[in-house]
Every structure is written in C-alpha cells, then in structure tokens.
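Visitor: I should like to go through this structure term by term. Please set each value against its definition.

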Amino acid sequence: MIIVCNSVEDAGWLSMRQALWPEGTQAEHIEEMMVLLADSKRYGQFIALDKHSEPAGFIEAALRYDYVNGTETSPVAFIEGIYVKPNCRSQGFARQLVDAVVRWARAQGCVELASDTQLENVVSQDVHKALGFVETERVVYFRKCL
Ligand SMILES: CC(C)(COP(=O)(O)OP(=O)(O)OC[C@H]1O[C@@H](n2cnc3c(N)ncnc32)[C@H](O)[C@@H]1OP(=O)(O)O)[C@@H](O)C(=O)NCCC(=O)NCCS
C-alpha cells in the first residue's frame, strides 16, 4: 500500500531518509521535510507499507523548473530520492512508489518524469530501466574554489 507523507512523523519517513542520505543531521532532515510538506504542488512524497503496515520504502519527487538534462519540457517531475529497506527489496515496492509519483506528476500537468543515479549504482540503473526509464546522458560535475 502507498500512503502520502503528510507529517514529519509519518511512519519511517525520517529514518528511511537518514538511511538514504546519512550525511544530513536529523534537524536538517526535518527542516527539509517541512519545506516539502509546505508545497504539495511542487513536492510529492510517498511511503510504501508492507503487508503488516510497516514502512518498506519511500520516494520523493519535485517539479523542476530549471533545465533537466535529457528532457524536452518544463517543468518536469524529478525523482529526488527513492529507497527501499534492504529486507524489502525485489518485492515490487520501488515499482509501486514510482507509479505513485507518475500519478502525482500527471496530476501536476507533467509529461516527463526524470531521475538520476550515481555511475557506480548499477542496481539503481537496472531498476530504472526495468521501470521504463531510458538513459539520456552521462555527466561529470566539476568545481573550482573561488
Ligand atoms: C533501487 C531500489 C529502490 C529498488 O527497490 P526495489 O523495491 O527492490 O525494486 P522493485 O522490487 O520494485 O523492482 C523494480 C524492478 O527492478 C528490477 N530490479 C530490482 N532489483 C534489481 C536488481 N538488484 N538488479 C536488477 N534489477 C532489479 C525488478 O526486477 C523490477 O522489475 P520487474 O518488475 O520487471 O521484475 C532499492 O534497491 C534501494 O533502495 N537501493 C538503495 C537506494 C538507492 O540506490 N536508491 C536509488 C538512487 S537514489
């Protein structure tokens, strides 16, 4: 079952976020979650529950108005993060979560859903392809201190 995140206290959202993005402090996560919750037209976030109604995974998506590599329209919906607990993987939770984002994105008027993942995250790349995404570009980021 998929539920919409309505509160920072929603089942497992914070702990799964911390598992996916461990570099953030709890306070930083909560601050970000409150920003997402405050603008439901721009941000969509969902939790997958297992058959015992325990949290199995989450997904966060946003409308991006700046240029998104490989897309042709604006805004596009973008998957900012997707995570399924290790013991819940390969049971279709990511598919359910992406389907929920597709419905949300269509409701916002989007005709493209984009995403990215790290070059070394081959599992994520394979999952994206299995879920109907096509690879568009590979990029390398640079930085110069000023
Ligand atoms: C990527 C991730 C979200 C996939 O979640 P999941 O619930 O296991 O995925 P699903 O069970 O819904 O599988 C979706 C599709 O991908 C395929 N798939 C799942 N795991 C796979 C794997 N390890 N290798 C190849 N394909 C895989 C499935 O076969 C399925 O396709 P199908 O329905 O045609 O059989 C999960 O592995 C994860 O949380 N990884 C760590 C976080 C991460 O890397 N997130 C992505 C970057 S932000």
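Visitor: What makes strand β2 and β3 a pair, and how do they run?

Guide: Two strands pair if DSSP finds at least two bridges between them. Strand β2 (residues 43-49) and β3 are joined by 7 bridges, so they meet that definition, and they run antiparallel. Strands here are DSSP runs of E with at least two residues, and helices are runs of H or I with at least four, numbered from the N terminus. This is a predicted model, in which local features need pLDDT of at least 70 and side-chain atom pairs count only at pLDDT 80 or more, while totals for chains, interfaces and linings use all residues. Residues are numbered from 1 along each chain as its sequence is written, and side-chain values use heavy atoms, leaving out hydrogens and water.

Visitor: Why is strand β3 called mostly covered?

Guide: Buried means under 20% relative accessible area (1.4 Å probe, protein chains only). In β3 (residues 55-64), 9 of the 10 residues are buried.

Visitor: How do you know that β3 also pairs with β4?

Guide: The two are joined by 8 bridges and run antiparallel. Ala-62 stands opposite Phe-78 in β4.

Visitor: What makes the approach of Val-84 to the ligand a polar contact?

Guide: A polar contact is a pair of N or O atoms within 3.5 Å. A backbone N or O atom of Val-84 lies 2.8 Å from an oxygen atom of the ligand, so the pair qualifies. In Asn-121, a side-chain N or O atom is likewise 2.8 Å from a ligand oxygen atom.

Notes: A polar contact is a pair of N or O atoms within 3.5 Å; within protein, one must be able to donate a hydrogen and the other to accept it, and residues adjacent in sequence count only if both atoms are side-chain atoms. Buried means under 20% relative accessible area, exposed over 50%, partly exposed in between (1.4 Å probe, protein chains only).
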